[in-house]
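Colleague: Let us go through this model by question and answer. Please keep the replies short.

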Amino acid sequence: MTNHWGDIANSDVVMALGGNPAENHPAAFGHITIAKERGAKLISVDPRFTRTSSKADVYAPIRSGTDVAFVGGMIKYVLDDIEANPSNYNMVYITEYTNASYLVNTGFKGPAELEGLFSGYAGGLNETDGTKRKYDKATWAYQVDDKSIPKKDKTLQDANCVFQILKRQYARYTVDKVNAICGTPRDAFLEVCKTFAASGKTGKAGVILYAMGTTQHTNGAENIRAYSILQLLLANMGVAGGGIDAMRGESNVQGSTDFGLLFDSIPGYLGMFTDADTSRQKYLDRVTPKNNDPTSANWLQNYPKYITSLLKAWYGDAATKDNDFGFHYLPKIETGKNYSWISLFEAMAAGKIKGMMAWGQNPAVGGPSSNTERQALANLDWLVASDLWMTETMEFWKRPGVNPADIKTEVFVLPARASFEKEGSVTNSSRWMQWRYKAAEGPGEAEDDLWMINKIMLRLRELYAKDGGPNAEAITKTNWNYGDPPDVHKVAKEINGYDTTTGKQIDGFANLKDDGTTACGEWVYCGSYVEPDKEPNAPVPGNRASRRDLAPDAFNTGLYPKWAWSWPVNRRIIYNRASVDLNGEPWDKEHPVIKWNPTKGETGGWDGDVVDGNYPPIAVDPVKSRYPFIMTSEGVARLFAQGMADGPMPEFYEPWECPVSNQMSSQTSNPVAKVWRPDEQGKPDKYPIVATTYRVCEHWQAGQMTRNMPWLVELMPEPFVEMSNELAAEKGIANGDKVTIESTRGKVTMVAMVTGRFKPFQMNGRRVHEVGLLWHWGYSGLSTGDSANILTPHIGDANTMIPEYKAFLVDVKKA
Amino acid sequence: MAEKAILYDASKCTACRGCQVICKQWNGNDEIIPSPSSGDRVAVKSRGTYENPPDLAPDTWIKMKFTEAESSGKMRWLFTRRSCMHCTDAGCVRACPNGTLYHNEFGTVSYNKDTCIGCGYCIPACPFDVPRLKGNRITGIAKADKCTFCTTQGLDRIVEGMEPACVKTCPPGALAYGEREAMVVLGRQRVDLLKSRGVGGANLYGENELNGLHVLYVLEDSPGAYGLPVNPRVPGATIAWKDVIQPVGWAVGGLTILGLGMNWLVARANAKKEEK
């Protein structure tokens with residue numbers, strides 16, 4: 001989240017799009033309730049009328065997989081309205097705080113000119129040659145002057161400026177097109193636009209809440225980009241009650257992402273090392289962003305400090321200036337190679353991966369195309385799985401329909417402890433690192449994760465020291481000294497970082513150095529666990545995550561700065577420098593986040609939240625000031641983003657499996673997404689019904705924790721498929737009937753829930769049905785049932801490779 | 001002791017059903033739930049609805065009801081709470097022949113399981129169809145069960161100064177608890193706010209029904225739309241039973257005992273005479 005849960009209460013309009021908070025974030029919905037009590041409007045956009053919709057002021061249906069068309073239509077509405085009623089929008093914000101004024105290379109061409117593609121595409125329309133499904137992004141660059149500073153046109157009139165490019169691309173996203181693509185009734189769509197665009201007025205704020213309904217698409221990353229553009233045009237980033245809030249589906253998934261969960265990043269969102277990075281310097285040359293604009297802070301120019309401190313944390317005394325701080329110890333990935341979920345299981349299916357550790361994960365239920373992934377598990381020599389209950393992954397070798405004698409994989413089960421049975425920190429969606437204590441002992445031989453990984457690491461180090469092995473020093477040289485049993489506070493202190501000469505905890509990442517005198521396990525968390533005298537009143541002195549002080553912030557905006565600790569540097573709202581005008585005065589006088597105080601210190605300073613970039617306001621001191629978005633190299637927020645694989649601005653493409661041709665252009669689906677299994681693409685002649693998957697309040701993720709809980713099993717005993725009365729009538733299905741749902745990947749049987757809450761989509765007179773399946777179930781545990789993911793495709797987003805769980809094609813029959 | 005009440009706000013309820021779970025957990029009502037050791041003792045299957053278990057039961061004291069309502073193209077999904085309303089004019093208390101069901105010091109309806117004879121008279125007497133009877137087929141002993149307002153013996157939250165378990169757990173804050181008068185004020189304020197925001201049908205249910213319920217409802221539409229009785233009444237038979245037949249019965253019974261006593265005295269006198 002850019003903001004935090006409690007901040008939703010400050011919103012004037014809350015839009016849940018690609019998420020169903022009342023269902024999947026039930027406790028957090030309380031914040032929405034507070035916002036509503038204060039007069040906020042709630043918008044719910046969802047393929048079916050949900051528990052969230054039941055509490056919404058405005059509901060609009062949307063066909064799964066058409067988010068870019070929907071939000072693109074909203075962007076067009078706002079751009080048109082800016083022209084008609086500029087006083088309803090914050091033009092200073094758009095001009096000064098975004099790259100709207102930046103000039104783009106004259107060779108750039110957009111989808112309006114290139115039939116849905118951008119300039120630089122290697123292939124042709126609907127390219128099938130995988131090697132040509134990519135862009136050369138040379139024409140996506142900014143125009144620069146002789147000092148390599150990006151050129152701007154603050155009048156926003158230049159035909160090559162981002163604002164004009166934006167207008168050209170989204171001029172095609174008319175209300176009729178939105179209706180034809182998304183199946184959203186025109187009046188419902190316009191009501192959403194009108195309600196949300198009202199947050200564009202200076203002093204008003206709107207927030208977008210999203211979850212997996214947004215991301216799990218071949219266009220998932222571009223869906224988020226579309227939200228970013230909309231929120232920037234409405235000046236909603238950085239302000240209280242604004243932002244783009246990713247509602248995390250697990251208590252600590254924010255924390256795990258912060259610590260390098262993904263294959264392409266290491267802790268602190270630093271880039272992964274590749275085989276091309278033959279030295280630390282080469283790595284730094286590749287990853288450190290450069291910018292010549294003197295008014296841009298370009299904060300990530302500090303990369304060398306963060307990576308060197310990380311190497312010191314990992315390799316300790318074995319990392320010295322003379323050995324490049326141990327950079328050569330590090331294992332590195334192959335340049336350009338993808339190691340994400342789908343790729344790993346494809347490699348497993350091809351017999352290239354021999355062992356796997358599934359830690360608190362249940363791929364046999366949660367992974368896409370379950371049959372593919374369950375079969376791939378059989379290619380492993382060994383599988384280590386750690387969980388609270390026996391999972392489908394642990395029992396894949398005896399699943400229905402297979403002969404255990406045919407499967408040679410050796411499976412090791414590590415019984416784990418639940419969150420209340422161990423001590424440590426959990427980082428929530430709000431980015432708050434909150435310390436928790438052990439309330440009970442774990443059952444039987446169950447141990448906590450840290451205990452397990454510590455044992456494994458200590459034993460591995462012993463084995464590598466004795467027997468050697470490939471790249472043995474990566475293990476043997478590690479600075480791994482948390483004790484046995486390990487002390488979780490030692491880990492937390494290392495994450496924060498310390499001075500390698502004095503051993504003292506470091507106060508914040510501004511003090512990290514690239515000369516080996518500081519060590520830090522995660523620069524973003526630097527400042528979380530300081531010396532006891534720096535935070536003497538915390539329940540665990542020095543441990544800011546343990547703080548439970550409900551003292552309000554300076555402006556009483558609900559920041560609660562002394563409750564736990566928020567990364568980075570206890571900042572509660574990221575990009576808060578954009579919440580003030582050029583003089584440092586809050587746009588929103590009722591809910592200030594920060595405010596420039598000229599009498600503070602010797603030269604003035606900021607009151608309120610920890611300021612995002614401690615520089616004076618632009619109008620106060622143009623020389624010392626910096627642009628407000630310090631984490632982008634150019635210092636402003638990006639309406640146009642060169643970093644994306646599939647286009648600098650989101651363009652609508654149909655999901656990989658789609659019931660209709662693309663009404664926006666001739667390019668059917670994402671031109672860059674990697675197609676692994678072209679033969680498994682379902683076509684509408686055989687599979688005419690759109691399907692999506694989701695969860696219910698009563699169960700959680702792949703089900704281990706809830707399908708073994710009798711009270712919850714009673715509430716929601718079996719998987720169901722929701723469908724409209726119209727589809728049920730066509731298929732002769734009655735409510736409660738067993739039905740089979742089939743895709744090219746397989747077939748499942750579920751109970752039909754026939755409801756008026758699902759409606760067929762009328763797309764310019766054309767009717768398309770959609771059904772929704774619960775995905776919690778599998779063959780293990782107290783409550784068993786078919787896994788919806790048997791049906792989902794093995795294809796992912798063009799940028800992130802997140803699987804396209806949320807839109808695919810099926811047929812439905814009465815069982 | 002001031003009367004207590006729960007205020008249920010349907011405009012805030014998201015039907016997560018945390019209340020259903022906590023009610024079973026706090027009160028130990030898990031006998032009907034399947035477990036690996038007990039096997040599937042009750043048919044727990046999906047019936048094409050978010051509602052489960054299908055109905056209130058001796059071990060299910062609260063159940064959320066989901067109602068889909070569509071008018072002029074606008075869909076609504078109405079949620080409401082099915083549980084004991086703790087009426088002031090409580091049909092069950094009237095019908096109970098031996099005082100097992102009674103109003104406690106908080107104005108809510110408690111019952112003494114030890115004295116329950118399992119007659120089941122409370123069931124038809126309830127205008128909300130709440131009490132349920134569980135009989136043992138071998139011993140023939142039956143007992144009635146329903147929400148105790150968390151005053152279950154040994155698990156009493158109210159006398160300990162705590163809110164009922166359902167109120168404690170409610171994530172969106174749709175349940176409030178306190179003195180009944182305060183809950184009425186809160187409910188009225190909420191109704192006024194909803195009306196001011198265009199919810200013309202908003203109303204407070206339970207303020208006067210049956211001389212006042214101890215579970216009050218903020219509704220956004222008529223009670224009927226939620227499946228609640230619009231004008232709940234204790235059935236005539238129960239009133240007849242409690243106010244007419246039972247007094248007559250007591251009178252007749254009393255006279256009988258008196259008569260038997262007289263008979264005994266007379267017989268004793270006669271016997272003594274004979275002894276002489």
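Colleague: How many residues of chain A are in contact with chain B, and how many of chain B with chain A?

Modeller: The model is predicted. Contact here requires C-beta atoms, placed from the backbone, to lie within 7 Å. On that basis the contact involves, for chain A and chain B respectively, 32 and 30 residues.

Colleague: Which element gives the largest share of the side of chain A that touches chain B?

Modeller: Elements giving two or more residues to that side are helix 2 (29-37), helix 20 (710-715) and strand 21 (746-755) of chain A. By type, the residues of that side are 19 nonpolar, seven polar and six charged. The largest share, six residues, comes from helix 20 of chain A.

Colleague: Which strands stand at the edges of the open five-stranded sheet of chain A?

Modeller: The strand order in chain A is 3-2-1-4-5, with parallel pairing. An edge strand has a single partner, so one side of it is left without a neighbour in the sheet. That applies to strand 3 (58-60) and strand 5 (244-246) of chain A.

Colleague: What is the bridge partner of A:Val14 in strand 2 of chain A?

Modeller: Strand 1 (residues 13-17) and strand 2 (residues 41-45) of chain A run parallel and are joined by five bridges. In strand 2, the partner of A:Val14 is A:Leu42.

Colleague: At about what angle does helix 7 of chain A run to strand 3 of chain A?

Modeller: Helix 7 (residues 186-197) of chain A lies across strand 1, strand 2, strand 3 and strand 4 (206-210) of chain A. Its angle to strand 3 of chain A is about 135°.

Conventions:
Residues numbered from 1 in each chain as written. Chains lettered and ligands numbered in written order. Predicted model: local features only at pLDDT ≥ 70, side-chain atom pairs only at ≥ 80, totals over all residues. Pairing = 2+ DSSP bridges. Helix = DSSP H or I, 4+ residues; strand = E, 2+ residues; numbered from the N terminus. Contact = placed C-beta atoms within 7 Å. Axes fitted to C-alpha atoms, helices over the stretch in contact; angles between N-to-C directions. Nonpolar A, V, L, I, M, F, W, Y, C, P; charged D, E, K, R; others polar.
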